[in-house]
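Please look over the notes below alongside the structure, which is shown first.

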Amino acid sequence: MSYLKSSFRHPNAKVNDIGFTKKDYEGALSTLCAGCGHDSISAAIVESYFAMNIEPHKVAKISGIGCSSKTPTYFLGKAHGFNSVHGRMPSVATGANMANRDLQYIGVSGDGDTASIGMGQFAHIVRRNLNIIYIVMNNGCYGLTKGQDSATTDIGSASKKGAPNQFSSIDLCQMALQLGAGYVARSFSGDKNQLVPLIKGAIEHQGFAFIDVISPCVTFNNTASSTKGYEYVRDHLEATGTIDFVPHRQELKIKQPDGTSKEVELHDGSKLVLQKNKNDYDLTSKREAMNNIESVREQEKILTGLIYANKDLPDTHQKINTVSKPLNSLNKDELCPGSGILDALNAGFR
Amino acid sequence: MTTHNNIKATNDFVIRFANINGSGSASANNLFTKVVFRLGIPVSAKNIFPSNIQGLPTWFEVRINEDGYLGRREGYDFIVATNGQTEQKDYHELLPGGYYFYDSSRKLPDNLKRTDITEIGVPLTNICNENYTDPRLRQIFKNIIYVGAIAYLFDMDFSVFEDSIKSQFAKKEKLIAPNIKALRLGYDYAEAHYAHVCGLKIHRRDCIKDKIMMEGNAATGLGAVFGGATVAGWYPITPSTSVIEAFEMYCKKFRVDEESGKNKFAIVQAEDELAAIGIVIGATWNGARAFTATSGPGVSLMSEFLGLAYFAEIPVFLADIQRSGPSTGMPTRTQQSDMLAAAYASHGDTKHVLLIPSDPKECFEMTVTGLDLAERLQTPVIMMSDLDLGMNIHVCDPIEWDDNRLYDRGKVLDQSALEEKQERWGRYLDVDGDGIPYRTIPGTHPKKGAFFTRGSSHDEYAVYTEDGTVYAKGMERLLVKWDTAKTLVPKPIIKSNNKSSAIIYYGTSASASQEANDMLASKGHQFDEMCIKSFPFGKEVEDFIQSHDTIYVIEQNRDAQMKTLMVNELGIDPNKFNEILNFDGMPITAMYIVDNILKSSNQSESLKVVK
C-alpha cells in the first residue's frame with residue numbers, strides 16, 4: 001500500500017471551464033483497504049465536480065461514522081469537511097445548509113450509518129427535501145467493526161463469517177421514494193460510466209438527491225455467498241437505461257432523440273439522457289418507480305440507474321421561506337431589532 | 001358565622017386558584033395577577049399544572065408582597081375553589097383564619113366542616129346560566145365572574161380591571177363589553193352578599209416603578225433574536241417549548257425582510273433532540289449563530305453531540321429549562337437537577353460552561369452573552385433555567401439593549417486574513433496562549449483554510465492522529481481554554497457583611513434565599529450571601545468560599561449538585577458545606593430554608609438536612 005500521494009501533475013494538465021485541474025478536486029490518500037469500492041466512488045465524485053465546474057471550496061462535505069464516512073477526506077481537499085457522529089450526518093447537514101444556502105452540500109454515509117443508527121435522521125432529511133446530495137456507500141456490512149451484517153444485507157446473503165442473514169433487508173431507494181425524495185438513483189461502485197452521470201445529475205438537482213451505491217467490501221463481504229460482492233452484483237445488474245448527462249449549454253449539440261432514448265430534464269435545463277431498454281418507464285412516476293424496483297427484484301436482479309426524478313419539489317429553504325442571502329452572512333444591523341423598539345416592548349410586559 | 005380570627009393583611013398574602021386544566025381559567029388568573037402588578041404591588045404567580053391538556057387539576061398560586069419578596073410562600077390565605085376533584089384537599093389546606101371561596105350553586109359536601117375559616121359562596125354556575133346561553137361562554141365567564149367577585153372582596157380599584165380588559169382585547173373590541181359585564185356580575189354579587197367580610201386587601205402602591213412582568217422563556221426567545229441567532233433546531237418538550245415559540249413570535253415581528261417578505265431566520269422542528277442539537281452544530285460550524293432549548297431528557301439525548309462540540313470546538317448555545325427528573329420524572333414540576341448532567345455532559349473528559357439566570361431579564365442577557373461566549377470560546381454554553389423561571393411570570397427590571405454592543409464572533413479568519421497568512425494555519429493551534437485557536441468557515445477561501453472537522457483525535461492542524469502525546473497535548477490545551485472561560489463568565493452576586501457564615505444559592509432559589517436571610521437576620525442570624533451565576537467558578541467564588549467558615553448551599557435537587565461541583569472543581573473540604581435541599585418539585589420557600597438552617601445549626605454534627 002502507498003502512504004504518500006505524489007504531488008506531481010503534468011504542467012499541461014487539463015483545466016475545467018473555471019480554471020481548476022482535476023488535482024484541485026482530489027483529497028488525501030485513502031486509508032481504506034486496497035480494492036475497496038468506496039475509493040471508486042470517491043474518484044467518481046472527483047470526476048463529477050471537476051466536470052461540473054464547481055469551485056471546490058464552495059462544497060461542504062459531511063459524513064457520519066464508518067468506512068464510508070471516512071471518504072470525504074479523500075476527495076475535494078479544498079472543501080471543508082465534517083466527520084460528525086454515527087448516524088447523525090443528516091442533522092448536521094441540515095444545520096449547515098440552513099446557515100448558508102449558497103454552498104453545495106454532499107453527505108456521505110454507509111448502510112450502517114443510514115439504515116440502522118441513522119434511520120430516523122435519514123427519514124427526516126428526506127422529508128425536509130434538503131438541498132443536498134446524499135450518497136450511501138452500501139456494502140451490506142459493518143466494515144470498520146469487521147464485517148457484521150447490516151440492515152441492507154439481503155436475506156440469505158452470507159458474508160465471510162458464513163452465516164446467512166435471517167432478517168429483512170431495507171431498500172434505501174424505496175425508503176427515499178416513499179419519504180418524498182425528488183431524485184433517486186442506484187449504482188455500482190464498479191460502474192463509473194453509470195455513476196458519474198448520476199452524480200452530475202444529482203449536483204444539478206435542486207433538493208434532496210439520493211444515490212445508493214452498492215460498493216463491495218473486499219475484506220468482509222466479497223464472498224461467493226454474498227449478494228453485495230463484485231461477482232454477484234456484476235451478474236445481477238439491471239439498469240434503467242444507459243445514461244448520459246448533458247449540461248444545459250451543450251443541449252444544442254446533441255442529436256435529437258431518435259425514439260430509443262429518453263430525456264429527464266433537471267432544474268437548470270440540463271438533461272439526463274437514457275437509452276431505452278426493456279425496463280423503460282416514466283421516471284417522474286413514483287408509483288412506477290416503486291413497481292420497477294420490485295419487479296426487477298422478483299427476477300433476483302438489482303435495479304440500477306436513475307429510478308425517479310422530479311425537479312419541481314420545493315427544498316427546505318423554499319418551504320420555510322428564508323431570505324435568498326445566506327443566513328450566516330447577515331450582520332447585526334440586519335438581525336438585531338435594536339433599542340428603538342424597547343419602549344414598546346417593555347410596555348407590553350407591564 | 002364563625003367566631004375565629006380572620007386573617008387581616010394588606011398587600012401581603014397568598015391566594016390559590018384551584019381549577020381544572022383546559023377550562024380557560026389561566027387567562028382569568030393572569031388578568032387578576034396583572035391588575036395587582038398594575039396597582040404597583042410586587043406579585044408572583046406559580047402555575048402548578050398537570051402533564052395533560054384537559055380535565056385534570058391545576059393550581060395557580062399568586063403571592064402579593066409589597067416588600068418585594070416574590071419567592072413562593074407556603075400556606076394559603078385565600079382559596080378560590082372551582083375544582084370538585086380537589087375540593088377536599090383545597091378546603092383542608094387553607095390556613096386557619098383564611099377564606100374559602102367556592103361555587104355555591106352546589107352545596108358544600110357535609111364533610112367539609114371547619115370552624116376556623118370563612119366560607120364565601122358565590123353561585124358562579126347559576127349566575128352564568130342566568131346570563132349566558134352558549135355553554136362555551138358559560139365556562140369562560142365563570143372564571144371572569146370569580147375575578148370580579150374577589151376584586152370586590154380585596155377592595156381593588158375596579159377601573160384597573162376595566163382598563164386591563166380594554167387593552168387585552170384592543171384588537172377584538174366586541175369582547176370588551178361582555179368581559180366587563182362578567183366582572184361586574186361577580187363584583188356586584190360579592191358587594192351585595194359579602195360586604196366587609198374579607199380582611200385581605202390590595203391597595204395601590206408605587207413599588208413597581210418601571211419594572212416589567214414576563215416569563216423567562218419569552219425573555220430567552222427574545223434574547224436569541226437580539227443576540228443574532230438565525231438558526232434554531234428544536235424538539236418539543238415541556239417546559240422548554242415556549243422558548244422556541246417566543247423566538248418564532250419575535251422573529252415574525254422583527255426578522256421578516258420588508259421588501260421580500262422572507263425570513264431572516266430558520267426554525268427547524270427536528271425529529272428528536274439529537275437532531276435538534278445536530279442542526280445547531282451544523283449551523284454554527286457553517287458560520288451562523290444557532291441555538292436550541294430543551295429540558296433534562298433532551299440533555300441526556302444531546303450528550304453525544306455535546307461531547308463532539310466540546311472536542312471539535314464548535315460553538316453551541318443550549319437553554320436547559322430544568323424540570324423534575326430522573327427519567328420522565330415530574331415533567332411539569334420544577335427542579336435544579338440537571339447541573340451535573342449539563343456540566344459534564346458526554347463520555348470522556350468533558351466540561352461545559354453554564355450560565356445560571358435568576359429572573360427573566362437575566363434570561364435575556366445570558367442568552368445574548370451565551371451566544372457570544374459560545375463563539376468566543378468555541379464550545380457549548382448551556383443556560384440553566386428551570387420550569388419555575390421559564391414558564392411562570394416574574395417581576396424584573398425592564399429589558400435593556402445598548403446599540404453599541406457588538407456581537408463577539410470570536411476568533412474567525414476571514415478571506416483577507418487567510419490571504420495574508422504566510423505561516424501554516426493550524427485549526428487547533430493555540431497561538432495566543434489562551435487555549436482558543438482560530439477557526440475558518442466553509443466557503444471562505446479557494447485555496448486556504450479548509451480542514452476536516454472530526455470528533456476523533458486530531459493534531460493542531462486538524463489531521464487525524466492516534467499519537468497519544470499529541471492527543472494529550474490537545475486535551476491539556478482545552479484546560480487552558482477552561483481557565484480562560486473562568487475570566488469571561490458572569491461573576492457571582494455577593495452581599496457581604498463580613499460574617500463568618502454564608503449562604504450560597506443560584507437560579508430560582510435566589511428570591512426565597514434572600515427572603516430567608518432577611519428573616520434570619522431579624523432573629524439575629526445574618527449570613528453573607530453569594531448567588532452563583534456561572535460555571536466554571538471564577539476567583540470570586542473561590543475567594544468567597546475560602547473566607548467563610550460555615551456555608552449553607554441552597555439547592556432544588558436531592559443530591560446537592562452545586563455543592564458537588566464546588567467540591568470537585570475547587571477542592572473544597574465537603575464538610576465545610578451544609579446542604580439545604582428542596583426537591584419535591586415545588587419552588588423552594590423562604591420558610592423552608594429558615595427552618596432547615598435553624599435545625600441544622602442546632603445539630604452541630606449532623607449537617608445534612610432533608611425535607
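The points that follow take up the numbering, the interface and one helix pair.

1. This is a predicted model, in which local features need pLDDT of at least 70 and side-chain atom pairs count only at pLDDT 80 or more, while totals for chains, interfaces and linings use all residues. Residues are numbered from 1 along each chain as its sequence is written, and chains are lettered from A and ligands numbered from 1 in the order in which they are written.

2. Chain B brings 55 residues into contact with 47 residues of chain A, a contact being a pair of residues whose C-beta atoms, placed from the backbone, lie within 7 Å. On the chain B side, helix 9 of chain B gives the largest share, nine residues, and the elements that each supply at least two residues include helix 7 (216-226) and strand 17 (452-454) of chain B. Helices (H or I, at least four residues) and strands (E, at least two) are DSSP runs, numbered from the N terminus.

3. Strand 17 of chain B also pairs with strand 2 (residues 80-83) of chain A, in the parallel sense and over three bridges, where pairing requires that DSSP finds at least two bridges between two strands. Within strand 17 of chain B, Thr453(B) is the bridge partner of Phe82(A).

4. Inside chain B, the axes of helix 7 and helix 8 (residues 241-254) come within 7 Å and cross at roughly 45°, the axes being lines fitted to C-alpha atoms over the stretch in contact, with angles running from 0 to 180 degrees between N-to-C directions. Among the residues that meet there are Leu222(B) in helix 7 of chain B and Phe247(B) in helix 8 of chain B.

Methods
Contact = placed C-beta atoms within 7 Å.
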